[in-house]
Amino acid sequence: MKDSDEPETTRMRLRREWAVLTFYERFEQIVAHILSLVIAVVIVVSLVQLIQIVFSLLIIDAFNPLDHRIFQNVFGMVMTLLIAMEFKHSIVRVVLRHGSIIQVKTVLLIGLIALSRKIVILDPDVSPAKVAALAGATLALGLTYWLLRERDDRVA
C-alpha cells in the first residue's frame, strides 16, 4: 500500500492543520496539551492513592460497604476520578480539534457528575433544604443538558 493510500492519522492531520492556525489557536492547543498532561498526572496519582486506601481498608478488615462513612469515602473518591477523566476527555476533544475550547454540554455533564458525587457523600442527617437545593440544581442541569442534546440531535 502506498503512503497516499493510507488513512491520515490524527497526528498527521494536526501537523497539517497547525500551519493554518492563528497564533491564539496555537496557544489554545499548547495550553490544552499541557492541561491534558497535568490532569493525566492528577488522575494517575489519585488512582494510586485510591488503590492504596482500598487495599489498606481490606488488609485491616475495615472495608465494610454497609458502613455509610466508608462507602461515602470510597465512592466519593471514585466519582472524583470520573469527574477528572471526563474533564480530561473534554480537553482531549479540543486537542483533536473536534470542538471549540468551551463545550457547554461537557460543562453541564461534569456539573451533573459533581452533583451526583455530592449526593452520594451526603451525611444522613443533612437538612431537607440542602437536599431540595441539590435536587433542584440536578434537575436544572439535567433539563438543560437534555435540551442541548435535543437541539444538537435536530441539527444533525
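**Group meeting: a five-helix predicted chain**

Helix 2 is the element that gives the most to the nonpolar patch, with four residues, where helices (H or I, at least four residues) are DSSP runs numbered from the N terminus. That patch lies on the surface and is formed by Trp-18, Ile-30, Ile-34, Val-38 and Val-42, with about 440 Å² of accessible area together; patches are made of residues with over 30% relative accessible area and no salt bridge, and nonpolar side chains (Val, Leu, Ile, Met, Phe, Trp, Tyr) are joined within 5 Å. A salt bridge here is a side-chain nitrogen of Lys or Arg within 4 Å of a carboxyl oxygen of Asp or Glu, and accessible areas come from the Shrake-Rupley method with a 1.4 Å probe.

I should say early that this is a predicted model, in which local features need pLDDT of at least 70 and side-chain atom pairs count only at pLDDT 80 or more, while totals for chains, interfaces and linings use all residues. Residues are numbered from 1 along each chain as its sequence is written, and side-chain values use heavy atoms, with hydrogens and water left out.

As for the overall picture, the protein chain has five helices and zero strands, and buried residues (under 20% relative accessible area, with exposed over 50% and partly exposed in between) make up 20% of its 156 residues. The chain exposes about 11100 Å², of which carbon and sulfur atoms supply 68%.

Turning to the interior, which residues form the largest nonpolar core? The eight are Ala-32, Ile-39, Ile-43, Leu-50, Leu-81, Ala-84, Ile-91 and Val-94, and helix 2 (23-59) and helix 3 (68-95) each supply at least two residues of this core; a nonpolar core is a set of buried Ala, Val, Leu, Ile, Met, Phe, Trp, Tyr and Cys residues joined through side-chain atoms within 4.5 Å. Leaving aside residues up to four places away in sequence, Ile-39 touches Ala-84, Phe-87, Lys-88 and Ile-91, a contact being heavy atoms within 4.5 Å.

Two other residues of helix 2 deserve a look, namely His-33 and Val-42. His-33 is partly exposed because its relative accessible area is 40%, and Val-42 is likewise partly exposed, at 44%. His-33 and Val-92 are 59 residues apart in sequence, yet their C-alpha atoms are 7.8 Å apart in space.

Finally, UniProt, in an unreviewed entry, places the feature "transmembrane region" at residues 34-58, 70-87, 94-115 and 127-148, and such annotations may be inferred rather than shown by experiment. In the model, residues 34-58 are 100% helix, with end C-alpha atoms 36 Å apart.

Notes. Buried means under 20% relative accessible area, exposed over 50%, partly exposed in between (1.4 Å probe, protein chains only). Patches are made of residues with over 30% relative accessible area and no salt bridge: like charges are joined within 9 Å, nonpolar side chains (Val, Leu, Ile, Met, Phe, Trp, Tyr) within 5 Å.
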